[in-house]
Amino acid sequence: MKAMILGAGLGTRLRPLTFELPKPVIPVLGRPLISYNIEFLSACGAKEFVINLHRIPGIIKNKISRWGGFKGKISYIIEPDILGTGGGLKNAAFHFGGEKFFIIANSDTILDFDLKQVIRHHRSHRAAATMVLFPLGDEEYTPVYLDEKNRLLSIGKRPDEFAYCGFYSGLSLFSPEILDLLPPGKSCIIQNGIVPARKKGMVIHGFMADGLFLEFGTPADYLKSTLQLMEARPETVQAESETVSIIPPVRIADEAHLGKDIRLGPFVSVEGGATIGDGSTVRHSIIWENGKVEKDALIEDSIVTPTRTVKCPPQRRKDLS
């Protein structure tokens with residue numbers, strides 16, 4: 001099984017963080033963000049990946065290589081001009097020759113659900129596309145409506161009758177006939193692929209998933225989702241140190257430089273090469289590689305990079321225990 005991860009974007013909403021690193025490789029508990037979806041998809045059977053890139057692709061390739069968690073083949077396609085979700089897929093179509101279906105996922109999410117069940121659903125219904133949906137919560141996502149047999153009814157516009165409603169996770173299974181609908185050049189996978197396919201009578205399904213969906217679109221999303229991941233995967237958290245006072249959960253990379261009389265936590269991730277000055281206090285924050293917290297500083301609800309401190313809204317605390 002082959003998969004494509006969409007990584008060609010400007011990361012505009014995540015600025016100013018993306019002035020320093022492209023979004024697919026911002027650090028999340030010691031790893032590049034995109035590595036989580038590579039790991040998730042490979043655990044479900046993906047043996048080969050293609051990733052489209054636009055901005056500073058060398059950094060993305062290097063970060064994925066340094067992570068080294070996937071031993072299969074990864075191919076990269078550089079887009080000098082961004083082609084959009086549909087155009088990026090069309091441009092990568094030659095990678096999927098001979099495949100009965102393939103998977104598309106975003107590079108700015110972390111997902112964990114029963115993908116093998118979705119694959120069985122896609123195969124058994126011989127769908128042209130199966131969109132993975134999650135239940136709508138407080139977030140303002142575009143609703144996707146399904147009938148009682150999980151067939152797509154509409155995206156955005158509420159039908160008079162429907163059986164299920166969710167938001168699109170960015171992960172879909174596609175059969176090759178979808179590729180024929182996409183025009184050359186820039187296009188949208190929804191508007192130029194899925195919507196025309198449904199109008200042509202192709203089988204387009206949604207699958208209501210139950211599991212983990214974390215988004216990293218904005219600095220506030222990034223901080224909130226990283227700290228939620230600390231709760232969801234406590235095995236990633238190091239909660240012991242002889243040089244600091246810790247309120248778990250806290251993750252400290254081995255290569256971090258810690259001063260004296262420091263207070264860390266709850267919900268702090270310190271990346272390798274970061275420096276925490278003497279007497280400082282850090283809560284609900286991420287300290288990037290080579291980020292520096294000054295002596296006697298108080299850092300809360302923030303992301304500290306090598307060149308700046310990005311303050312985030314504190315209301316996300318309601319989502320943490």
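Here are three short exercises on salt bridges and the largest pocket in this predicted model.

**Exercise 1. Find the partner of D108, then work out which parts of the chain the pair ties together.**

Step 1: Start with the general idea that side chains of opposite charge can pair when their charged atoms come close. The cut-off to apply is a Lys or Arg side-chain nitrogen within 4 Å of an Asp or Glu carboxyl oxygen.

Step 2: Go to D108 and look for a nitrogen. K23 fits the bill, with the closest N and O atoms 3.1 Å apart.

Step 3: Place both residues. D108 sits in the loop between β6 (102–106) and β7 (109–112), while K23 sits in the loop between β1 (2–7) and β2 (27–28), so the salt bridge ties together parts that are 85 residues apart in sequence.

Step 4: Check burial, where the limit is under 20% relative accessible area. D108 comes in at 14%, so call it buried. K23 has 16% and is buried too.

Step 5: Put the pair in context. Applying the rule throughout gives a count of 8 salt bridges.

**Exercise 2. Take two more salt bridges, E39 with R31 and R283 with E300, and describe their setting.**

Step 1: Get the distances. For E39 and R31, N to O is 3.4 Å. For R283 and E300, the closest N and O atoms are 2.8 Å apart.

Step 2: Locate the second pair. R283 belongs to strand β20 (residues 281–287) and E300 to strand β22 (residues 298–304), so this pair links distant parts of the chain, 17 residues apart.

Step 3: Sort out accessibility. R31 is buried at 17%, whereas its partner E39 is partly exposed at 35%. R283, at 28%, is partly exposed as well.

**Exercise 3. Describe the largest pocket: what is its volume, and which residues and elements line it?**

Step 1: Begin with the volume, which is about 1,000 Å³.

Step 2: Walk around the lining. It takes in 41 residues, and those nearest the centre are R13, K23, T85, N106 and D108. You've met two of these already: K23 and D108 are the salt-bridge pair from Exercise 1.

Step 3: Assign the elements. Two or more lining residues come from each of β1, α3 (84–91), β6, β11 (164–174) and β13 (212–215). β11 gives the most, with 4 residues.

Step 4: Tally the chemistry. The lining splits into 18 nonpolar, 16 polar and 7 charged residues.

Methods. Residues numbered from 1 in each chain as written. Predicted model: local features only at pLDDT ≥ 70, side-chain atom pairs only at ≥ 80, totals over all residues. Heavy atoms only, no water. Buried < 20%, exposed > 50% of the residue type's maximum accessible area, 1.4 Å probe, protein only. 1 Å grid on protein atoms, 1.4 Å probe; cavity = no way out; pocket = protein on both sides within 12 Å on 5 of 7 lines; lining within 4 Å. Points joined across faces, edges and corners; volume = space filled by probe spheres on them. Nonpolar A, V, L, I, M, F, W, Y, C, P; charged D, E, K, R; others polar.
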